[in-house]
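Visitor: Please take a close look at one part of this model. I would like a single connected account of that part and what lies around it.

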Amino acid sequence: MRDSSLGGQVGVCPDEAPRSPVWGPLRMPPVTCGGLSLALELPALIRQLRAAWRARRGGHLGPERSQASTWVEAEKEEEVEEVKHDIEDRSAHLEADGRLNTGHAGVLLVERRGSYPLIDLRILKSNSLVTLLCHLFNVYGLIHHFQLDMVKLHRFLGMVQEDYHSQNPYHNAVHAADVTQAMYCYLKEPKLAEQLSPLDVFLGLMAAAAHDVDHPGVNQPFLIKTRHHLASLYQNTSVLESHHWRSTVGMLRESGLLSHLPADMSQDIEQQLGSLILATDISRQNEFLLTFREHLDNQDLDLQLASHRHFILQIALKCADVCNPCRVWELSRQWSERVCEEFYRQGDLERKFDLEISPLCNQQADSVPAIQTGFISYIVEPLFEEWHRFTEPSLLSRTMMGHLHKNKARWSRLRYAHTPPDTQTHPSAEEPQPEGARARTRMRDLDSDPHCSFGYQCHVEPQSGSGPAL
Ligand SMILES: [Zn+2]
């Protein structure tokens, strides 16, 4: 990882406070969380965090805690106790805010920060996003480099995780953790890893973790046609992505995670997070793809330039967001079924309220294999073909393309296995074509393909596309 923007090597603890040529010297690391050592391995870090939280609560685990006969029992008791404390803490906090209600079956229901009214506090036991981010921040030395307060970091990540809707089949905190894991893998690509600054890595991981926060489980057209307040607020443009970004900024400020940094630095981080999260708007796919392809054709990407690295981070996040078909079949299939279930739920809502059923949301007409073959052909494959080129290609990239082609073929077989022979029309993408020509053909074909329902800007031709400024 390069070290151009903030000084200090990532992964080691320099003796001096890191200096920034742009923002000047940063303050010395604050002593927080009972003097936590920031170079700890993850299990030790988590144990110390737990101890610090307990100390702050002024509590202890009670007499029965010490009677645990095995380590496993002790861990279980600790976990149960921790969840109990967590719920009590949050309940007390929410009661103080006047936001707590008790729902049916004794489930605690809380008004959410943004788009959806309820949250089931039982989801808090699922901690994958917080654990993963704490681990990756530690691995990369970001906690030390940015002198982050561990308690504030934990609070921020907890808020992000909590604001994902566990009742969404797809857009939930596990999807966020999945995208973050993929983003981490892409940041490790040999072509990229040596060029990235600590700020790049910080932004990439943060954007991946928060890119769908508070997703309501319905798409932008649904919000527009139901006149949702978010659609009005963001003037029907990148409504969800804008909400994910602004919610993230709100949580950053609420947690005070960046409050020790100079104002212009924290503002810059907020803006760059916005640029990354807004890039995940699938309706801007063509814009990014054409620019990416142009750079690769011209071989003019210069990763010494911060603006070019930022563009590659945008592409990497877009890849991470749609990489499910690049994973092994069993994982890929589950994600595919989950996203379709979310579409179908939207369709059910539309049917219930006499609204026109959105494309891909009609369970009777839109099968999972049909949706997935379209999604792979129009969105995933064109993007990953260019990513494959960018990585020159790497072992990971080759593996992903292998999974992608196998999964696509499998969905295609499943799709046509249940289609009457006289109505079968195989898309041109299925036919063998020279490598590199397939994606271009697909993009032209989008104009006339009735199955292109992914919010793709089908009418933009490569020559007329205006890509993001670098
Ligand atoms: Zn996503």
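Guide: Helices here are DSSP runs of H or I with at least four residues, strands are runs of E with at least two, and both are numbered from the N terminus. This is a predicted model, in which local features need pLDDT of at least 70 and side-chain atom pairs count only at pLDDT 80 or more, while totals for chains, interfaces and linings use all residues. Residues are numbered from 1 along each chain as its sequence is written, and side-chain values use heavy atoms, leaving out hydrogens and water.

The part to look at is the metal site. The zinc ion is held by H175 (NE2), H211 (NE2), D212 (OD) and D321 (OD) at 2.0 to 2.1 Å; donors are N, O and S atoms within 2.8 Å of the metal (3.2 Å for Na, K and Ca), and sites may look incomplete, as water is not among the atoms. Along the chain, these donors are spaced as H-x35-H-D-x108-D. D212 belongs to the loop between helix 9 (198-210) and helix 10 (220-225) and D321 to helix 15, so this pair ties together parts 109 residues apart in sequence. Angles among the 4 donor atoms run from 86 to 169°, and the site is irregular. Four donors would be tetrahedral with all angles between 85 and 135 degrees; four would be square planar, and six octahedral, with opposite donors over 155 degrees apart and all others between 65 and 115. D212 and D321 are both buried (under 20% relative accessible area; exposed is over 50%, partly exposed in between, with a 1.4 Å probe and protein chains only).

The loop that holds D212 also contains V218. V218 is buried, at a relative accessible area of 8%, and its C-alpha is 7.4 Å from that of F343, 125 residues away in sequence. Next comes helix 10, where L223 is found. L223 is buried too, at 1%, and its C-alpha is 8.3 Å from that of V239, 16 residues away in sequence. Beyond helix 10, in the loop leading to helix 11 (229-233), is R227. R227 is exposed, at 75%, and has a positive phi near 55° without being a glycine.

D321 leads in another direction, to the largest cavity, whose lining is T280, I282, Q285, K318, D321, V322, I379 and L383. A cavity is a set of points on a 1 Å grid over the protein atoms alone where a 1.4 Å probe fits but cannot get out, and lining residues have an atom within 4 Å of a point. The model has 2 cavities of 30 Å³ or more, and the largest holds about 40 Å³, a volume being the space filled by probe spheres on points joined across faces, edges and corners. Its lining divides into 4 nonpolar, 2 polar and 2 charged residues (Ala, Val, Leu, Ile, Met, Phe, Trp, Tyr, Cys and Pro are nonpolar, Asp, Glu, Lys and Arg charged, the others, including Gly, polar). Domain 1 (14-57 + 120-320) and domain 2 (322-470) each give at least three of the lining residues; the bounds come from an automatic or database assignment. Helix 15 (306-321) and helix 17 (368-391) each supply at least two.

After helix 17, the loop to helix 18 (395-417) holds E392, which is exposed at 58% and has a positive phi of about 80°, though not a glycine.

Terms used. 1 Å grid on protein atoms, 1.4 Å probe; cavity = no way out; pocket = protein on both sides within 12 Å on 5 of 7 lines; lining within 4 Å.
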